[in-house]
Each structure stands twice: as C-alpha cells, then as structure tokens.
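Student: I have a model open on my screen and would like to learn how to read it. Could you walk me through it, one feature at a time?

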Amino acid sequence: MIQAKKLTKIYKNGFKAVDNLNLTIEEGDIYGFLGPNGAGKTTTIRMLTGLLNPSEGEVIINGMKVRENNLEIKKVIGVLPESHGYYDWMTAYEYLIYFYKLFDSKNSNAHQHVTYLLDKVGLSKRSHTLIGQFSRGMKQRLGLAKTLINQPKVVFLDEPTLGLDPTGQRDIHELIKELNRSMNITVFITSHLLKDIEVLCNKVAIVKNGKLIEEDTILNLQQKHSPKEIIHIRTSKDEKAKMIIEKMNLAENVKITEEGIRIILQKDALSDQIKQEIVQSLFLEKLDIYEITKYKTTVEDIFLKLVTDSNEKVVK
Ligand SMILES: Nc1ncnc2c1ncn2[C@@H]1O[C@H](COP(=O)(O)OP(=O)(O)O)[C@@H](O)[C@H]1O
Ligand SMILES: [Mg+2]
C-alpha cells in the first residue's frame with residue numbers, strides 16, 4: 001500500500017506545485033492520477049518515488065517511509081519517467097541486459113529474465129533491433145520492460161501514453177492491464193488524458209493546481225457527479241423554449257449554453273419519453289427545433305467540470 005500524507009512541494013522559487021495531498025493506493029490498484037498540464041503530476045510522482053524530497057508531508061510504501069529508506073524502496077518499485085533517454089545505438093536486448101546488470105551485479109539469470117520481459121511487452125521479435133529504429137510506441141514498451149527489471153511490486157508511470165497514436169495508446173493500456181492482472185503489480189499512472197484513466201483505472205485522483213479535487217473509484221465518481229441523462233436542444237428561440245421546458249417541470253435543471261439548451265434530467269427519468277414531450281410542446285408553440293441529442297454523462301464530463309469549476313471544493 002502507498003500512502004501520501006499532507007504531501008507538499010514548494011520549489012526554490014517559492015512556487016507551490018503540490019499542495020497538501022493525501023492519497024491512498026491499495027495493493028492491486030490501477031490508480032490514475034489525472035490532471036491538466038502543470039497540475040503537479042510529475043512533481044508528485046517524483047516525491048512518491050523518492051526522487052524529490054517533499055517540502056512537507058511524507059510518503060509511505062509498504063510500511064516504509066520513502067525518505068528514510070530510499071535504497072530499500074528502490075528495490076520494490078519501478079519508475080517510468082515522463083521523458084527518458086534511450087540508447088539508440090543499443091538493441092532492445094542489450095539495453096535491458098545493461099540495466100539488469102546494474103540492478104543485479106551477479107546477473108545470474110540475465111538472459112532468461114530479459115527474454116521473459118521482452119516477451120511480456122511484445123518485443124520478442126524485435127529484441128535485436130537497434131532502439132534508434134523503434135517507433136515511439138515500441139520505445140514505450142521497452143521503457144515498461146525496463147521498469148520491470150527489478151521485479152517490482154509497484155510501478156509508477158508518468159504519462160506513459162504521451163505522444164502515442166490511438167493504436168499505440170491502446171497497446172500500452174492492454175499491456176498495463178496485463179501486468180496488473182498476471183504479475184499482480186500495483187500501478188500508479190499519471191495522465192492528462194481522460195481516456196487513459198477511464199479505460200484503465202479502478203481508482204482516480206483528480207488534481208488541479210497541485211490540489212486534490214477528488215479521489216474515488218470511477219464508479220462512485222460517475223454516480224456522485226451525475227448519473228443523470230442530459231438532453232441538448234437547439235431551437236429557433238432558445239429563451240422561449242427554456243421557459244416552456246421549465247414550466248413542464250420534468251427536468252432538474254434547464255440552462256442555456258453555447259450549444260443550445262442543456263436539460264439535466266432527474267435520476268431515472270424516462271429520457272426518450274421526455275424528449276418526445278419536449279418536442280411536442282415546442283412544436284405546439286411553433287418553435288423550430290434544429291437539433292436534439294441526448295447523452296449520459298461520462299468521466300470526461302466529470303473531469304472537465306471538476307477542473308474548470310472555479311469554486312470547486314478541495315478534498316482535505
Ligand atoms: N524545478 C521547478 N521549479 C519551479 N517550478 C517548477 C519546477 N518544476 C515544475 N515546476 C512547476 O510546477 C508546476 C507543476 O509541474 P509538474 O509537476 O511538471 O506538472 P504536470 O506533470 O502535472 O504537468 C508547473 O507549474 C511547473 O511549471
Ligand atoms: Mg508531467
């Protein structure tokens with residue numbers, strides 16, 4: 001288990017990049033740390049892994065304080081940094097052997113272990129190709145293999161899908177799920193992309209300006225923030241349409257937005273039936289309907305709402 005208590009980082013120039021974070025990552029979690037650029041994700045991951053000392057607060061991994069047990073901690077964790085250099089002149093196999101020897105100087109099982117890892121990340125057939133010839137996606141796979149070189153129980157991945165095309169992103173998602181499932185590895189992953197978190201994680205923390213805005217399971221977040229259906233409608237007279245819809249008393253909230261009228265339905269409302277009733281009422285009032293769509297809120301809506309909401313509540 002990983003625990004961050006009141007984790008804070010104030011850089012030398014006085015900038016507070018991480019502000020009083022309390023996080024709990026359970027064994028077996030794929031834990032998503034989600035926030036826009038500059039939110040403090042990299043700073044946090046560097047403190048969690050002992051690469052950067054916190055200004056205040058502490059991190060505990062498997063009962064050990066990271067600050068006081070740096071060497072011990074390094075043995076049980078793997079880290080994939082946000083940007084990392086590869087040795088383009090080495091083959092994937094040579095690269096992993098090199099790091100294996102750094103980790104285990106006796107290197108008794110180097111060949112066996114590296115071959116296993118190359119297979120795990122799907123690079124077996126390319127193990128003797130120069131890294132310089134790898135695509136970005138292949139480099140990320142190799143990066144993941146390197147992260148696993150010391151057989152860690154926990155891996156920290158800083159934006160592992162950054163710069164990958166959709167196929168590359170999906171490959172990395174599948175790989176992370178597989179590592180979590182078959183090798184029982186706990187995963188802490190940062191991203192500014194919703195999709196990463198939505199498809200991968202069982203738990204998510206949302207950060208903005210270094211502060212924790214939410215920490216919960218994806219399921220709870222969805223339920224808490226909006227299990228409701230939303231209807232969007234554009235008409236010839238939005239103001240009038242809004243009044244008509246409000247009088248019908250079937251929505252929780254009716255608001256005019258840039259994309260037309262946004263109608264948030266009550267929980268468990270029969271959206272198809274309501275849509276029909278709205279269309280009929282507007283038609284009777286001789287309003288033209290240009291467009292009507294309905295959708296269910298997604299994690300993306302929650303995320304956007306949370307990170308753009310200026311008066312959000314900060315979780316203590
Ligand atoms: N060494 C540093 N000194 C001062 N400010 C920094 C330093 N490193 C990062 N920052 C600032 O801290 C904030 C958080 O950065 P970072 O942790 O890299 O965010 P993220 O990874 O979420 O994009 C940013 O505003 C960044 O400019
Ligand atoms: Mg970052």
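Tutor: Gladly! Let us begin in a loop: Asn184 sits between H6 and strand E8 (186-191). Keep in mind throughout that this is a predicted model.

Student: What is the phi of Asn184 near?

Tutor: Phi of Asn184 is near 55°, which is a positive value in a residue other than glycine.

Student: And is Asn184 buried or exposed?

Tutor: Here we count neighbours: a residue with 12 or fewer other C-beta atoms within 10 Å of its own is exposed. Asn184 has 10 C-beta neighbours inside 10 Å, so it counts as exposed.

Student: Which element holds Lys6, and what is its phi near?

Tutor: Lys6 belongs to strand E1 (residues 2-10). Its phi is near 50°, again a positive value in a residue other than glycine. Because Lys6 has 13 C-beta neighbours inside 10 Å, it counts as partly exposed.

Student: How much of the whole chain is buried?

Tutor: The protein chain has 316 residues, and 33% of them count as buried. Its fold contains 11 helices and 14 strands, and the C-alpha trace spans about 85 × 45 × 35 Å along its principal axes.

Student: What share of the contacts join residues at least 24 apart?

Tutor: Taking contacts between residues at least 6 apart in sequence, 69% join residues at least 24 apart.

Student: Now the helices. How do the axes of H5 and H6 cross?

Tutor: For a helix pair, look at the distance and the angle between the axes. Helix H5 (residues 136-147) and helix H6 (residues 166-182) have axes that come within 9 Å and cross at roughly 15°. Angles under 35 degrees count as roughly parallel, and H5 and H6 are therefore roughly parallel to each other. Their crossing is right-handed.

Student: Which residues meet there?

Tutor: From H5 come Arg136, Gly137, Gln140, Arg141 and Leu144, and they meet Gly168, Asp171, Ile172 and Leu175 of H6. By class, this contact has three nonpolar, three polar and three charged residues.

Student: Last one: which residues are around ligand 1?

Tutor: A binding shell can be read by its members, their classes and the elements they come from. Around ligand 1 you will find Tyr11, Asn13, Phe15, Ala17, Gly35, Asn37, Gly38, Ala39, Gly40, Lys41, Thr42 and Thr43. Seven residues of this shell are polar, four are nonpolar and one is charged. Helix H1 (residues 41-48) gives the largest share of the shell, three residues.

Conventions: Residues numbered from 1 in each chain as written. Chains lettered and ligands numbered in written order. Predicted model: local features only at pLDDT ≥ 70, side-chain atom pairs only at ≥ 80, totals over all residues. Helix = DSSP H or I, 4+ residues; strand = E, 2+ residues; numbered from the N terminus. Buried ≥ 20, exposed ≤ 12 C-beta atoms within 10 Å, placed from the backbone. Contact = placed C-beta atoms within 7 Å. Near = placed C-beta within 6 Å. Nonpolar A, V, L, I, M, F, W, Y, C, P; charged D, E, K, R; others polar. Axes fitted to C-alpha atoms, helices over the stretch in contact; angles between N-to-C directions. Parallel < 35°, antiparallel > 145°, perpendicular 65-115°, else oblique. Left-handed = near helix turned anticlockwise from the far one by under 90°.
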